[in-house]
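Let's take a relaxed walk through a protein model. Have the sequence and the 3D view open while you read.

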Amino acid sequence: MLYNLLYPLSSDLSFLNVFKYISFRTVGALLTALILSIVLGPYFINWLKKIKCGQYIQSEVACHTSKAGTPTMGGVLIAFSLITSTLLWCDLTNPYVWLTLLVYAGFGLVGFMDDFTKLRRKENQGLSARAKFLGQIVISGVALFLLVQLPAYSTELYVPLFKNVSPDLGLFYIPFAMLVIIGSSNGVNLTDGMDGLAIVPAVVTALVYGVFVYIAGHAELSQYLQVAAVPGVGEITVFCGALVGAGLGFLWFNAYPAQVFMGDVGSLSIGGTLGFISVLCKQELMMIVVGGLFVVETLSVILQVGSYKLRKKRIFKMAPIHHHFEISGIPESKVIIRFWIISILLGVMALSVLKLR
């Protein structure tokens, strides 16, 4: 909005020329979202307490019983800060911006319905897995259908480390991309089981993909680094900046011991959007590295369920895997910080791959 209002005036006021730079607007979006989150956070948390919007704890996680009643649905605070900042600083004529907001809002709605169902039933069981999955399929399917209609976008799959390997998946691209988006959404959701555990890896992933989308949208950089060029997608760097700011602002209150939880309204929307951004910049396969922590958390659940069904034995003391370490006697704060460190290392590894071909 600021870009669309102020940049046209740059012909008369030369200092407004800075609004054409994605880097300037990304910093502006980050700071705006961060300040909004920190300033509004206390009021929002008090409002959640007033309406008795407290978290219900799984009976299996006995060590978390003290957290029962902690305000949840903090993802609404993230959403307000993120969307407000995005609308202020992004070029609203860019179709990639609106598609990204569609995914974020759509997955957020699914998460909101899940959280609301938990509160209404007064237990830690929300929407059925089938209902959530159906919602995710519909939203990601619609967004991807609209995406592949854009003339600048292709259905080719670019393989990291190989500069000449980019098969065109054609009609199979949409199902593949849906798998990436839904997998990312559920991965963040499964990781969100400790104070601040999910939001920092999400911020790291947003930072890394902010670099990826900037390069993909920059003709000279994409050619130099030999990565897929997607004209116009660089504008999503501003969205990534807003996501980083909103995430850090939320961490201000979500850090151990948490004053508020993000809930599914936060985790499903953030995860789904990060997956969609990986699709936008043609770095879908890099999500395995960048979001490696989310992948491991998801695999731990799949392995646990599969092992129990086949052998009636569990591999871990509890899944997702962060609960296994906690039950094994490692303090929650130490598990969280170690997982943060792993996430940062994975992000650095992913960025280093950019020049390896």
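Are Asp264 and Lys118 buried or exposed? Both Asp264 and Lys118 turn out to be buried. Keep that pair in mind, since we'll come back to it shortly.

**How confident is the model?**

What you're looking at is a predicted model. Its mean pLDDT is 91, and 93% of the residues reach 70 or more. Confidence varies along the chain: among the elements, helix H1 (residues 2-6) has the lowest mean pLDDT, at 73. At the other end of the scale sits helix H9 (residues 236-254), with the highest mean, 98.

**A network of charged side chains**

Here's a general idea to start with: side chains of opposite charge can pair when their charged atoms come close. In this model the count comes to 6 salt bridges. Among them are the three in this table, with the distance between the closest N and O atoms:

| Lys | Asp | Closest N and O atoms |
|---|---|---|
| Lys118 | Asp114 | 3.6 Å |
| Lys118 | Asp264 | 3.5 Å |
| Lys132 | Asp264 | 3.8 Å |

Read across the rows and you'll spot names that come back. Asp114, Lys118, Lys132 and Asp264 are in fact linked in a network of salt bridges.

Let's go through the network pair by pair. Lys118 and Asp114 are both in helix H4 (residues 95-121), and they sit 4 residues apart, which is about one turn of the helix. Both of these residues are buried.

The pair of Asp264 and Lys118 is another story. Asp264 belongs to helix H10 (residues 263-280) and Lys118 to helix H4, so their salt bridge ties together parts that lie 146 residues apart in sequence.

Then there's Lys132 with Asp264. This pair also links distant parts of the chain, with Lys132 in helix H5 (residues 129-148) and Asp264 in helix H10, 132 residues apart.

Why does Lys132 count as buried? Its relative accessibility is 17%, and the cut-off for buried is under 20%. Asp264 has a relative accessible area of 7%, so this residue is buried too.

**How the helices pack**

Two packed helices are described by the angle between their axes and the distance between the axes. Try that on H4 and H5, two helices you've just met. Their axes are 10 Å apart, and the helices pack at an angle of about 175°. That angle makes H4 roughly antiparallel to H5.

Which residues make the contact? On the H4 side they include Tyr96, Leu99, Phe107 and Asp114. On the H5 side they include Lys132, Ile139, Val142 and Leu147. Sorted by type, the residues of this contact come to 11 nonpolar, 4 polar and 2 charged. Asp114 and Lys132 should look familiar, as they are also part of the salt-bridge network.

Now swing over to helix H6 (residues 173-191) and helix H12 (residues 292-311). Their axes come within 8 Å and cross at roughly 80°. That makes H6 roughly perpendicular to H12. H6 brings Gly187, Val188, Leu190 and Thr191 to the contact, while H12 brings Leu293, Phe294, Glu297, Thr298 and Val301. These residues divide into 5 nonpolar, 3 polar and 1 charged.

**Details in the loops**

The loops have a few things to show you as well. Which residues does a cis peptide bond join, with omega about -10°? They are Tyr256 and Pro257, and Pro257 is found in the loop between H9 and H10. Another cis peptide bond joins Ala319 and Pro320, with omega about 0°. Look for Pro320 in the loop between H12 and helix H13 (321-327).

Two lysines are worth a click too. Lys282 has a positive phi of about 60°, although it is not a glycine. You'll find Lys282 in the loop between H10 and helix H11 (287-290). Lys312 also has a positive phi of about 60° without being a glycine, and its place is the loop between H12 and H13.

Buried or exposed, what about each of these lysines? Lys282 has a relative accessibility of 2%, so it counts as buried. Lys312, at 60% relative accessibility, counts as exposed.

Terms used
Residues numbered from 1 in each chain as written. Heavy atoms only, no water. pLDDT = per-residue confidence, 0-100. Axes fitted to C-alpha atoms, helices over the stretch in contact; angles between N-to-C directions. Parallel < 35°, antiparallel > 145°, perpendicular 65-115°, else oblique. Contact = heavy atoms within 4.5 Å. Nonpolar A, V, L, I, M, F, W, Y, C, P; charged D, E, K, R; others polar. Salt bridge = Lys/Arg side-chain N within 4 Å of Asp/Glu carboxyl O. Buried < 20%, exposed > 50% of the residue type's maximum accessible area, 1.4 Å probe, protein only.
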